[in-house]
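Here is a friendly walk through one protein chain, from a single side chain out to the whole fold. Please keep the 3D view open while you read.

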Amino acid sequence: MRIVATAFFLFTTVIFLIAQNVRGDVDRVVVYKQQRKLVLQSGGKEVRSYKIALGSEPVGPKIRQGDHRTPEGVYVLDGRNPNSHFYKAFHISYPSSKDVAAARKLGVSPGGDIMLHGLPKEYAWVGKAHTLHDWTDGCIAVSDEEMDELWNLIQVGTPIDIRP
């Protein structure tokens, strides 16, 4: 019994130390759209990853408002909303000046309000199964449990690199 208790103590201590090492050390978020994967990085190394859902038209970069595409490029997580309709949300700094210029050239609005968020409150029960299909209007979605983890690990001002 003493061996089991000691092993449990060591295991929980290691997990705690790993979690403490990640906290506050995340310096970049990378999204791989094709793989439906969000990666937290520290010093260029992956520290955590999550399955995600994207906009309902996930192939290609966002071009205009209403196209249901998730943008591609390097942006910043520039704000937090703890009371979002989608549980909690980080605001993504889309559109960039490049996105605005490309949309203007086409005579359309680039859109905006792109977020990294949890689930709609009425669908929180779906949990991680939400990743079975792309359902957002162009945002990046994780489960509420995962959003709680991201909320504690990511600081406002962290770059987010959204790749095809």
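Does Y75 count as buried or exposed? Y75 counts as buried, with a relative accessibility of 3%. Please keep in mind that this is a predicted model.

## A pair of tyrosines

Y75 is a good place to begin, and its partner is Y94. A search of the whole structure turns up three aromatic pairs. In one of them, the ring centres of Y75 and Y94 are 5.9 Å apart and the planes meet at 70°, so this pair is edge-to-face. Y75 belongs to strand β4 (residues 73-84), while Y94 is in the loop between β5 (87-92) and α2 (97-106), so the pair ties together parts that are 19 residues apart in sequence. Y94 also counts as buried, because its relative accessibility is 3% and the cut-off for buried is under 20%.

Y94 has a second feature to look at, this time in the backbone. The peptide bond that leads from Y94 to P95 is cis, with omega near 5°. P95 lies in the loop between β5 and α2. For context, most peptide bonds are trans.

## The sheet around them

Now zoom out to the whole chain. Its secondary structure comes to three helices and eight strands, and reading along the sequence gives the pattern α-β-β-β-β-β-α-β-β-α-β.

In what order do the eight strands sit in the sheet? They form an open sheet in the order β3-β2-β1-β8-β4-β5-β6-β7, with mixed pairing. At the edges are β3 (45-51) and β7, each of which pairs on one side only.

Strand β4, the home of Y75, has β8 and β5 beside it in the sheet order. The pairing of β4 with β8 (residues 158-163) is antiparallel and runs over five bridges; in it, G73 has I162 of β8 as its bridge partner. The pairing of β4 with β5 is antiparallel too, and five bridges join them. Here N81 stands opposite A89 in β5. β4 and β5 form a hairpin, with two residues between the strands.

Towards the β7 edge the sense of pairing is parallel: β6 and β7 pair this way over two bridges. In this pairing, L116 stands opposite I140 in β7.

Strand β4 also includes R80, as its span of residues 73-84 shows. The charged end of R80 sits over the ring of W151, 4.3 Å from the ring centre.

## Two residues with positive phi

Which residues other than glycine have a positive phi? R36 is one of them, with phi near 55°, and Y87 is another, at about 65°. Most residues other than glycine have a negative phi. The table sets the two side by side.

| Residue | Phi | Place | Relative accessibility |
|---|---|---|---|
| R36 | near 55° | loop between β1 (28-32) and β2 (37-42) | 23%, partly exposed |
| Y87 | about 65° | strand β5 | 24%, partly exposed |

Both values of accessibility lead to the label partly exposed: R36 is at 23% and Y87 is at 24%.

## A threonine in a loop

Next, find T131, which is placed in the loop between β6 (115-117) and β7 (140-141). Is T131 buried or exposed? T131 counts as buried, at 18% relative accessibility, because the limit for buried is under 20%.

What does T131 touch? A polar atom of its side chain lies 3.0 Å from the backbone oxygen of K128. Leaving aside neighbours within four places in sequence, T131 is in contact with K51, I52 and A53. One of these, K51, falls within the residue range 45-51 of the edge strand β3.

## The chain as a whole

To finish, here are some totals. The chain has 164 residues, of which 38% count as buried. Among contacts in the chain with a separation of 6 or more, 61% come from residues 24 or more positions apart. The Y75 and Y94 pair, by comparison, links parts that are 19 residues apart in sequence. On the outside, the chain exposes about 9400 Å², and carbon and sulfur atoms supply 58% of that area.

How values were computed
Residues are numbered from 1 along each chain as its sequence is written. This is a predicted model: local features need pLDDT of at least 70, side-chain atom pairs count only at pLDDT 80 or more; totals for chains, interfaces and linings use all residues. Side-chain values use heavy atoms; hydrogens and water are left out. Rings of Phe, Tyr and Trp (its six-membered ring) pair if their centres lie within 6.5 Å; planes under 30 degrees apart count as stacked, over 60 as edge-to-face and the rest as tilted. Helices (H or I, at least four residues) and strands (E, at least two) are DSSP runs, numbered from the N terminus. Buried means under 20% relative accessible area, exposed over 50%, partly exposed in between (1.4 Å probe, protein chains only). A charge sits over a ring if NZ of Lys or CZ of Arg is within 6 Å of the ring centre and within 35 degrees of the ring normal. A polar contact is a pair of N or O atoms within 3.5 Å; within protein, one must be able to donate a hydrogen and the other to accept it, and residues adjacent in sequence count only if both atoms are side-chain atoms. Contact means heavy atoms within 4.5 Å. Accessible areas come from the Shrake-Rupley method with a 1.4 Å probe; for residues, only the protein chains shown count as cover. Two strands pair if DSSP finds at least two bridges between them.
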